[in-house]
Amino acid sequence: MSASIELRGVCKEYLRGAATLPILEGVDMDVPAGAFQALMGPSGSGKSTLLNLIAGLDRPTRGQVTVAGTPIHGLGDGALADFRARHVGIVFQAYNLIPVLTARENVELPLLLGSLPRAERRKRAETALRIVGLEGRYDHLPRQLSGGQEQRVAIARAIVCDPDLVIADEPTGDLDKKSAEEVLLLFRKLNRELGKTIVMVTHDPAAAEAADTVRRLDKGVLQ
Amino acid sequence: MTLFRLALRNALRNKVRLTLAVAGVAVALLAFVTLRTAVGSWDSAAALARRDRLVTRQKMTFIMPLPKRYVADLRATRSASGASLVAEASFASWFGGRDPARPNAFFASYAIEGKSYFDVYDEMHVDLADVRAFEDDRSGAIVGASLARDMGWKRGDRVLLESPIYPSPDRLPFAFTVRGFYESAGRSGDEKLFLFHWERLDAALPTSQRGTIGWIVSRTPAGASTDDVAAAARTIDAMFAERETETLTQDERAFTTGFLGMASAVMDVLSILSFVVLGIQGLVLANAMGMSVRERSREYASLRSMGFSRRWVARLVLTEAALVGALGAVVGAFVAWLAVGRGLAPFFERDLSFFFPVFRVTPGTLALAVGVALVTAIASGVTPAIGTARARLTEAMRRVA
Ligand SMILES: Nc1ncnc2c1ncn2[C@@H]1O[C@H](COP(=O)(O)OP(=O)(O)OP(=O)(O)O)[C@@H](O)[C@H]1O
Ligand SMILES: [Mg+2]
C-alpha cells in the first residue's frame, strides 16, 4: 500500500546553449514506506527537479531512482506514464485543475485511465472529495471555489486512484494561513490514516513541521 | 467524464473564438457548396445535351433563315443502307416575342411545326389532348409549365405578344390562346419556351419572304453510334452544299459544349478554387486551435502528469478540432442548403438556365462538403496535437498559464 523511495547517485544536468548546467550532483536519498518528509532549500536549489525525478515526470542524467520497488530511471515515456498513473499522486502549487470541469469531474479524470464503469468512477470521486472535506461542492467549477478548496480538490484528484506515493510541490505556497493549515492537516491524515508516503517541498518552516522529517537541499546536494 | 466530454467542454470554452471558427467553417462551406454546385450544374448542361439530336442551321450564322423545303428533303433522305437518315425531323423559327404589358419578362418564343417538334424533343411531355387542341387552333400555343407558372397563364388564356423581328400586318400584337403546357424531364430550365404554329408567322410575312424557317432539328434512328451521328451530320451538310443556302449541322452536345467550351476553363478554376477555400479555412482553424492549445499547455501537462499518455492528449486535441469542424460543417451545410437551394438556385435556373440548367444542391455535394470540412478541421488539429504531445513535461509544467 505504500512506497519506499531510493535514490542513488542521482545527477541532473540541463543544457544551456553549449554548456551543461549541473542542478543535482549525486543525490542519495531514502524515504521509507509510510514516511512523510518535507524538502526545503533556497530557490533554485533543485527541489522541484528532484521531486520531478521521484514522481517519474523526468529522468535523471545519471544515477538510479527506485520507487515502490520499480527502477524508473530507465523507463520509456509510456512506461513512465503508466507508473505515474499507478503509483503517484501529484499536487502542485498552482492546483492545475481543469477550469471547465466541476470538482467531481476533475477528481474523476485520473480514473479514466482505468476501466471502472461510469457510476463507480463517480462514486470514487465523491468519496475522495468527502475525504478532503468537500462534500456539497461536487458540482462547483474551480473558479467557484476558494484557493484552499481548489487545492483540496487537487489533493482529492491526487489520491482518487489510491496511489502509494503523494508528491507535493509547495502545496501551500499560494494559500492563506488557515487554508494552508487545513491542507497540511489533510496531508497528515493521508499519511497517518491512509498510509500514504508523502514527499513535500515547502518554503514555509511551519508547513515543514507537519512532516516527520525535514531534509534540506542546497546547491544540488542533499543534507 | 470522458475524453469526448472534456474535448467538448474545451471546444465550448472560448465562445467568441468558437463562434468565429464555426462561422469561418460555415462561410467556407457555403462558398464550397456554391462553387461545386455551379461546376456540377455546368457539367450537367453538357450531359443533358443529347448526342443523337442534330441541329442544322445556316452555315454562316444562326440568324439567317433556311428554306422550309429543306425539312422535307431531309425527311426523304436515305442513308447508304437505304434506311431513313433521320428518324424524326422538325424545325423552329425564333420569334423573339414579348408581352407588351410585361416588357421585363424574358422568355424564348419559337414558331414550330406542332407534333413533329415534340417527336424530336421527346423529353418534352405534352398531354395528347393538349396537342390536339393545339393542332385544332391556328392561334394556339403550348407553353412550358415553368413559364406558365411564372406568368400565371392558364388553359384558354389569351396572350398578346409582339416581336421586333416580325411586325404583324395590322400593327397589333399577335394574339395567342394557351392550349396546353409541356413539362421537361430533367432540365427545368427548358420549361421556359412559348411555342406556336409556324404558319401563323409565315402568314404575317410579305409573300416574297415566306417559306423560310430558323433551323432544322432532327433525331438519328435509335441505336445510332457516335460515328453514325457524325456521318449523318456530314451527309446533311453535303446534301445542301450545292443548294442556294449552305448549312452547318452539329449534334446537340457539340453545339452546347462548343458554346460552353470557353467558360469550361473558368469552371476548372472554380473547381480548384472550391477546395482552396476550404484549405485556407483549414489554416485559419489550425491557427485558432494552436492558440487555444498553447494557452492550455499547463493543463495538458497536468493531464500527462496524472499518467495520460502523449497519445491520449493528442487525441483530446484532435477530437476538439473535429468537434469545432463538425459544428461548422453542420451549420455551414444548413446555411449552404438554404442559401444555394432556396436563394441562388431559382435565380440561376430561371435566368441562367442555358449555362446552369439544374442548379440544385445535391446530397452528394453536401456530403462532400461536410466530409472535406471535417477532414480539414481534423488536419488543422494535427500540428497543435503533435506539439502538445511532444512538449517536454517538466517544461510545460513550469510555463505559467
Ligand atoms: N528545463 C530546464 N532547463 C534549464 N534549466 C532548468 C530547467 N528546469 C530547471 N532548471 C534550472 O534548474 C535550477 C533548479 O530549478 P528547480 O525548479 O528545481 O528549483 P527549486 O529548488 O524548485 O526552486 P524554487 O524554490 O524557486 O521552486 C534552476 O536554476 C532552474 O533555472
Ligand atoms: Mg520549485
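## A tour of the pocket, the ligand and the cavities

The second largest pocket has a volume of about 850 Å³. This is a predicted model, and the tour begins in that pocket.

**Stop 1: the second largest pocket.** Select A:Ser48, A:Thr49, A:Asn52, A:Asp169 and B:Arg398. These five lie nearest the centre of the pocket, out of 32 lining residues. Now colour by element. In chain A, β1, β2 (19–31), α1, β6 and β7 (165–169) each give two or more residues to the lining, and in chain B α13 does so. Keep α1(A) highlighted: with 5 residues, α1(A) provides the largest share of this lining. Switch to colouring by residue class. The lining shows 14 nonpolar, 11 polar and 7 charged residues.

**Stop 2: ligand 1.** Stay where you are. Ligand 1 sits in this second largest pocket. Its shell draws two or more residues from each of β1 (5–16) and α1 (47–54) of chain A and α13 (393–398) of chain B. Show both chains in separate colours, and ligand 1 appears between chains A and B. Next, select A:Ser43, A:Gly44, A:Lys47, A:Ser48 and A:Thr49. Of the 15 residues around ligand 1, these come nearest. A:Ser48 and A:Thr49 were already picked at the first stop, among the residues nearest the pocket centre.

Which element gives the largest share of the shell around ligand 1? Again it is α1(A), with 3 residues. By class, the shell divides into 3 nonpolar, 7 polar and 5 charged residues.

**Stop 3: polar contacts of the ligand.** Show side chains as sticks and check three distances.

- A:Ser43: an N or O atom of its side chain is 2.5 Å from an oxygen atom of ligand 1.
- A:Lys47: a polar side-chain atom lies 2.7 Å from an oxygen atom of ligand 1.
- A:Arg16: a polar side-chain atom lies 3.3 Å from a nitrogen atom of ligand 1.

Turn on the surface. On its own, ligand 1 has 640 Å² of accessible area, and the protein covers 78% of it.

**Stop 4: the largest cavity.** Hide the ligand and look for enclosed space. How many cavities of 30 Å³ or more does a search of the whole structure find? There are 3. In the largest, the space comes to about 140 Å³. Select A:Gly89, A:Ile90, A:Arg157, A:Ala158 and B:Met306, which lie nearest its centre among 14 lining residues. Two or more lining residues come from each of α2 (77–87), β6 (88–92) and α5 (147–159) in chain A, and from α10 (297–306) in chain B. The largest share is that of β6(A), at 4 residues. β6 of chain A also belongs to the elements that line the second largest pocket with two or more residues. Colour the cavity lining by class to see 9 nonpolar, 3 polar and 2 charged residues.

**Stop 5: the second largest cavity.** Move to chain B. Here the volume is about 50 Å³. Select the full lining: B:Val25, B:Leu278, B:Gln281, B:Gly282, B:Leu285, B:Ala373, B:Thr376 and B:Ala377. Then show two helices of chain B as cartoons. α9 (252–295) and α12 (363–390) each supply at least two of the lining residues. α9(B) gives the most, with 4. Is the lining charged or uncharged? The residues divide into 5 nonpolar, 3 polar and no charged.

Key: Residues numbered from 1 in each chain as written. Chains lettered and ligands numbered in written order. Predicted model: local features only at pLDDT ≥ 70, side-chain atom pairs only at ≥ 80, totals over all residues. Heavy atoms only, no water. 1 Å grid on protein atoms, 1.4 Å probe; cavity = no way out; pocket = protein on both sides within 12 Å on 5 of 7 lines; lining within 4 Å. Points joined across faces, edges and corners; volume = space filled by probe spheres on them. Nonpolar A, V, L, I, M, F, W, Y, C, P; charged D, E, K, R; others polar. Near = heavy atom within 4 Å. Polar contact = N/O pair within 3.5 Å; in protein donor to acceptor, adjacent residues only side chain to side chain. Areas by Shrake-Rupley, 256 points an atom, 1.4 Å probe, with all protein chains shown as cover. Sits in = over half its atoms within 2 Å of the grid points.
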